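Visitor: Got a minute to walk me through this one? I'd like to poke at a few side chains.

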Amino acid sequence: GAGGSIGSELCRQIARFEPRTLVLFELNEFALYTIEQEFRRRHTMLNLVCTIGDVKDGNRVADVMRTHRPSVVFHAAAYKHVPLMEINVTEAVSNNVAGTQNVVDAALDFDAQHFVLISTDKAVRPTSVMGATKRVAEMIVSCLAARSDTSFSAVRFGNVLGSRGS
């Protein structure tokens, strides 16, 4: 979710630490293009890799992880618009739950050292499909945290000013 409001801001913050390589993974071509152009202007020395892909496509996620072997994975790709998820339940589950499982599996398979799930305050006591799917995503991460060499964690964000989702 590197092109979303939360994912792109995470990338901006990460870039300040001058990582060896920053891999941006995003489904939305225009969002990825936009953040790429910003980074090419502002971070001219950064090794930036822009990849189009969908977290629901486990093979694509695995290919990108296999190729780049990230040491840290921030997973911010999610459907966040509460009313839309109420009428698109299957897509919410597919993206927010199965997509998270795909990213987690690839992080484990390709030895990421750290995995951070970006969740939502709506997962605390879910009253919506979006909140429930993000809570399940948190549970996936939580279950692995206790029995993996990868350090798994989740952070909950509330409503984010300027977000294109919740």
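Visitor: Let's start with Arg-12: buried, exposed or partly exposed?

Guide: Keep in mind that this is a predicted model. In it, Arg-12 counts as partly exposed, because its relative accessibility is 23% and the buried class means under 20%.

Visitor: What does the side chain of Arg-12 meet in a salt bridge?

Guide: That would be Glu-38, at 2.7 Å from N to O.

Visitor: And which parts of the chain does that pair tie together?

Guide: Arg-12 sits in helix H1 (residues 5-15) and Glu-38 in helix H2 (residues 29-42), so the bridge ties together parts that are 26 residues apart in sequence. Glu-38 has a relative accessibility of 12%, so Glu-38 counts as buried.

Visitor: How many salt bridges does the structure hold?

Guide: Nine. One of them joins Glu-36 and Arg-40, at 3.3 Å from N to O.

Visitor: How far apart are Glu-36 and Arg-40 along helix H2?

Guide: They're four residues apart, which means about one helical turn between them. Arg-40 is partly exposed, with a relative accessible area of 41%.

Visitor: What about Asp-121, what does it form a salt bridge with?

Guide: With Lys-122, and the closest N and O atoms are 3.5 Å apart. Asp-121 is partly exposed at 36% relative accessible area, and Lys-122 is partly exposed at 23%.

Visitor: Which residues do salt bridges with shared partners join into one network?

Guide: Glu-9, Arg-12, Glu-38 and Arg-42.

Visitor: OK, switching to the greasy stuff. How many residues are in the largest nonpolar core?

Guide: It has 22 residues, and the ones with the most contacts inside it are Met-65, Val-73, Val-103, Val-104 and Phe-115. Two or more residues each come from helix H3 (58-68), helix H5 (89-109), strand S4 (114-120) and helix H6.

Visitor: Which element gives the largest share of this core?

Guide: H5 does, with five residues. Apart from this core lies another one, of ten residues, including Ala-2, Leu-32, Ile-35 and Leu-46.

Visitor: Back to Met-65. What is it in contact with, leaving aside neighbours within four places in sequence?

Guide: Pro-70, Val-73, Val-103, Ala-106, Ala-107 and Phe-110.

Visitor: How many aromatic pairs does the structure hold?

Guide: One. It is formed by Phe-115 and Phe-152, whose rings are tilted, with 5.2 Å centre to centre and 45° between the planes.

Visitor: Where do those two rings sit in the chain?

Guide: Phe-115 is in strand S4 and Phe-152 in strand S5 (residues 151-157), so the pair links distant parts of the chain, 37 residues apart.

Visitor: Are those rings buried or exposed?

Guide: Phe-115 is buried, with a relative accessible area of 0%. Phe-152 is buried as well, at 9%.

Visitor: Last one: where is Glu-138 found?

Guide: In helix H6, which covers residues 129-145. Glu-138 counts as buried because its relative accessibility is 6%.

Visitor: Which side chain does a polar contact join to Glu-138?

Guide: Ser-119, at 2.5 Å. Beyond its neighbours within four places in sequence, Glu-138 is in contact with Leu-117, Ser-119, Thr-120, Ala-123, Ala-154 and Arg-156.

Note on methods: Residues are numbered from 1 along each chain as its sequence is written. This is a predicted model: local features need pLDDT of at least 70, side-chain atom pairs count only at pLDDT 80 or more; totals for chains, interfaces and linings use all residues. Side-chain values use heavy atoms; hydrogens and water are left out. Buried means under 20% relative accessible area, exposed over 50%, partly exposed in between (1.4 Å probe, protein chains only). A polar contact is a pair of N or O atoms within 3.5 Å; within protein, one must be able to donate a hydrogen and the other to accept it, and residues adjacent in sequence count only if both atoms are side-chain atoms. Contact means heavy atoms within 4.5 Å. A salt bridge is a side-chain nitrogen of Lys or Arg within 4 Å of a carboxyl oxygen of Asp or Glu. A nonpolar core is a set of buried Ala, Val, Leu, Ile, Met, Phe, Trp, Tyr and Cys residues joined through side-chain atoms within 4.5 Å. Rings of Phe, Tyr and Trp (its six-membered ring) pair if their centres lie within 6.5 Å; planes under 30 degrees apart count as stacked, over 60 as edge-to-face and the rest as tilted.
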